Amino acid sequence: MGRSRNEKEGLREKAYYRHLAKRGIRWDMLPRYHGEVETNLGPGSVFDLILDEEGSPSKNLEYYISSSEKTEEHYEGLSTALLALKEYLLGQRIITMTLKPKNILCQKDRSGISRLFVIDNIGNSDFIPICNYSAYLARKKISRKWADFEKKMLGAFKENGALRRMIDTWHRP
């Protein structure tokens, strides 16, 4: 019996985490993978838990961009953290399947949103994953995925004027 799609994706993602660990990346915006444990529901993967400074679990980006009011309230922190995430992915050459607001956690400290973490869809599903070994091709792929991410956010949250303004300011000369 063959593996399910979720099992294949999980194996691919774990292999990519091992690849990143061998490369010695900085784990600034990606939770570390610590292996598997057996649970009453079967094997489970163990990753770092992302908490806000006060100790509560960090909320995802979708929470903060679901309304213009929330985005406006956290505008500076979100804008700075999103640009830092893009630079981190490019600098560390971390490839994602797709970037989705529900798969990015926004860690808060006293000053507001301070850092983002990508928590799912890590890795490269190319048949021949040459981007894993070519810095140039990896950066091209990451830039393309980021542009798609911006476009999808603007489409999914088209009523959010603050989000549109934020993304527009990133592209001004």
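Start by selecting Asn121, which sits in the loop between β5 (112–118) and α5 (135–156); helices (H or I, at least four residues) and strands (E, at least two) are DSSP runs, numbered from the N terminus. Before going on, note that this is a predicted model, where local features need pLDDT of at least 70, side-chain atom pairs count only at pLDDT 80 or more, and totals for chains, interfaces and linings use all residues. Residues are numbered from 1 along each chain as its sequence is written, and side-chain values use heavy atoms, with hydrogens and water left out.

Stay on Asn121 and check its backbone: phi is near 65°, a positive value in a residue other than glycine. Is Asn121 buried or exposed? Asn121 is buried, at a relative accessible area of 12%; the cut-offs are under 20% for buried, over 50% for exposed and in between for partly exposed (1.4 Å probe, protein chains only). Now show what touches Asn121: leaving aside neighbours within four places in sequence, the contacts are Glu13, Thr96, Met97, Thr98, Lys100 and Asn103. Contact here means heavy atoms within 4.5 Å.

**Next stop: α1**

Glu13 from that list takes you to helix α1, residues 5–23. With 19 residues, α1 reaches 27 Å from its first C-alpha to its last, close to the 27 Å expected at 1.5 Å a residue; the expected span is 1.5 Å times one less than the number of residues. Colour the buried set in α1: Arg12, Glu13, Lys14, Tyr16, Tyr17, His19 and Leu20. The buried residues of α1 pack against β1 (33–39) and β2 (42–47). Just past the end of α1 comes Gly24, with a positive phi near 75°.

**On to α4**

Select residues 75–92 for helix α4, which has 18 residues and reaches 25 Å from first C-alpha to last, close to the 26 Å expected at 1.5 Å a residue. Its buried residues are Tyr75, Leu78, Ser79, Ala81, Leu82, Leu85, Tyr88, Leu89, Leu90 and Gln92.

What follows α4? That would be Arg93, with a positive phi near 55°, although Arg93 is not a glycine. Arg93 lies in the loop between α4 and β4 (104–109) and is partly exposed, with a relative accessible area of 22%.

**α4 against α5**

Add α5 to the view. The axes of α4 and α5 come within 9 Å and cross at roughly 155°, which makes α4 roughly antiparallel to α5. Axes are lines fitted to C-alpha atoms, for helices over the stretch in contact, and angles run from 0 to 180 degrees between N-to-C directions. Under 35 degrees counts as roughly parallel, over 145 as roughly antiparallel, 65 to 115 as roughly perpendicular and the rest as oblique. The contact uses Leu82, Leu85, Lys86, Leu89, Leu90 and Gly91 of α4, and Arg139, Ile142, Ser143, Trp146 and Phe149 of α5.

**α4 against α6**

Finally, swap in helix α6, residues 161–170. The axes of α4 and α6 come within 11 Å and cross at roughly 45°, so the two helices are oblique to each other. To see the meeting, show Tyr75, Leu78, Ser79, Leu82 and Leu83 in α4 with Ala162, Arg165, Met166, Thr169 and Trp170 in α6. Those contact residues divide into 7 nonpolar, 2 polar and 1 charged (Ala, Val, Leu, Ile, Met, Phe, Trp, Tyr, Cys and Pro count as nonpolar, Asp, Glu, Lys and Arg as charged, and the others, Gly among them, as polar).
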